[in-house]
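Me: Got a structure open here and I'd like to talk it through with you. Can we go question by question?

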Amino acid sequence: MTGHDVETVISIDPSDDGCKIGVEVVETRRIPDSADILASYEVQLDPGGDLVSYRRTHRYARSQLYGAGKHDNR
């Protein structure tokens, strides 16, 4: 979908309208890898598993503690 590598699935929220999935992706690889730039995306799928929408909810350095940044939208 974004062309970035998925690091991990962070949430799955099924509903009658489909499923909302939270994923963490590597947006920019750096050396050392602790300097990689990661992002969290919220992905909405319909009941058939087709993509309805996605949006980036947070962007941060791998070394940053999750939620410690002022740009945390959750």
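Reply: Sure. One term before we start: pLDDT is the predictor's confidence in each residue, on a scale from 0 to 100. It matters here because this is a predicted model.

Me: Then what does the chain average in pLDDT?
Reply: Of the residues, 85% score at least 70. The average over the chain is a pLDDT of 86.

Me: And over which residues is the pLDDT below 50?
Reply: That stretch has nine contacts in the model beyond near neighbours in sequence. Where pLDDT is low, though, the predicted coordinates should not be read in detail. The stretch with pLDDT below 50 is residues 69–74.

Me: What order do the elements of the chain run in?
Reply: The chain has zero helices and four strands. So, by the DSSP runs numbered from the N terminus, the order is β-β-β-β.

Me: How do β2 and β3 run, parallel or antiparallel?
Reply: Nine bridges join these two strands. One bridge pairs C19 with L45 in β3. The direction of β2 and β3 is antiparallel.

Me: Which residue in β4 stands opposite V43?
Reply: β3 and β4 are antiparallel as well, and nine bridges join them. The residue in β4 opposite V43 is Y54.

Me: In the hairpin of β3 and β4, which residue takes a positive phi?
Reply: There are five residues between the strands of that hairpin. The phi in question is near 90°, and the residue that takes it is G49.

Me: How many of the nine residues of β3 are buried?
Reply: For the whole chain of 74 residues, 28% count as buried. β3 is largely enclosed by the rest of the structure, because its buried residues number seven of the nine.

Me: Which elements give two or more residues to the largest nonpolar core?
Reply: That core has eight residues in all: C19, I21, V23, V25, A39, Y41, V43 and L45. The elements that give two or more residues to it are β2 and β3.

Me: What is C19 in contact with, leaving aside its neighbours within four places in sequence?
Reply: C19 belongs to the largest nonpolar core, and so do V43 and L45, by the list of members. Both V43 and L45 turn up among the contacts of C19 too. The full set is I12, D13, P14, V43, Q44 and L45.

Me: On to charges. How many salt bridges does the structure hold?
Reply: Side chains of opposite charge can pair when their charged atoms come close. The cut-off is a side-chain nitrogen of Lys or Arg within 4 Å of a carboxyl oxygen of Asp or Glu. By that count the structure holds seven.

Me: Which side chain does R29 meet in a salt bridge?
Reply: The N to O distance is 3.2 Å. R29 sits in the loop between β2 (18–28) and β3 (37–45), and its partner is in strand β1, 24 residues apart. R29 is exposed at a relative accessible area of 53%, while the partner is partly exposed at 44%. That partner is D5.

Me: Is E27 buried or exposed?
Reply: E27 meets R59 in a salt bridge at 2.5 Å, N to O. E27 lies in strand β2 and R59 in strand β4, so the pair ties together parts 32 residues apart in sequence. R59 counts as partly exposed at 41% relative accessibility. E27 is at 14%, and since the cut-off is under 20%, E27 counts as buried.

Me: How far apart in sequence are E42 and R55?
Reply: Their side chains meet in a salt bridge at 3.4 Å, N to O. E42 is partly exposed at 27% relative accessible area, and R55 is partly exposed at 44%. E42 is in strand β3 and R55 in strand β4, with a separation of 13 residues.

Me: Last one: which residues does R56 touch, not counting residues up to four places away in sequence?
Reply: R56 lies in strand β4 and counts as partly exposed at 43% relative accessibility. C-alpha to C-alpha, R56 and V43 are 8.9 Å apart in space. The residues R56 touches are E27, A39, S40 and Y41.

Key
Residues are numbered from 1 along each chain as its sequence is written. This is a predicted model: local features need pLDDT of at least 70, side-chain atom pairs count only at pLDDT 80 or more; totals for chains, interfaces and linings use all residues. Side-chain values use heavy atoms; hydrogens and water are left out. Buried means under 20% relative accessible area, exposed over 50%, partly exposed in between (1.4 Å probe, protein chains only). Two strands pair if DSSP finds at least two bridges between them. A nonpolar core is a set of buried Ala, Val, Leu, Ile, Met, Phe, Trp, Tyr and Cys residues joined through side-chain atoms within 4.5 Å. Contact means heavy atoms within 4.5 Å.
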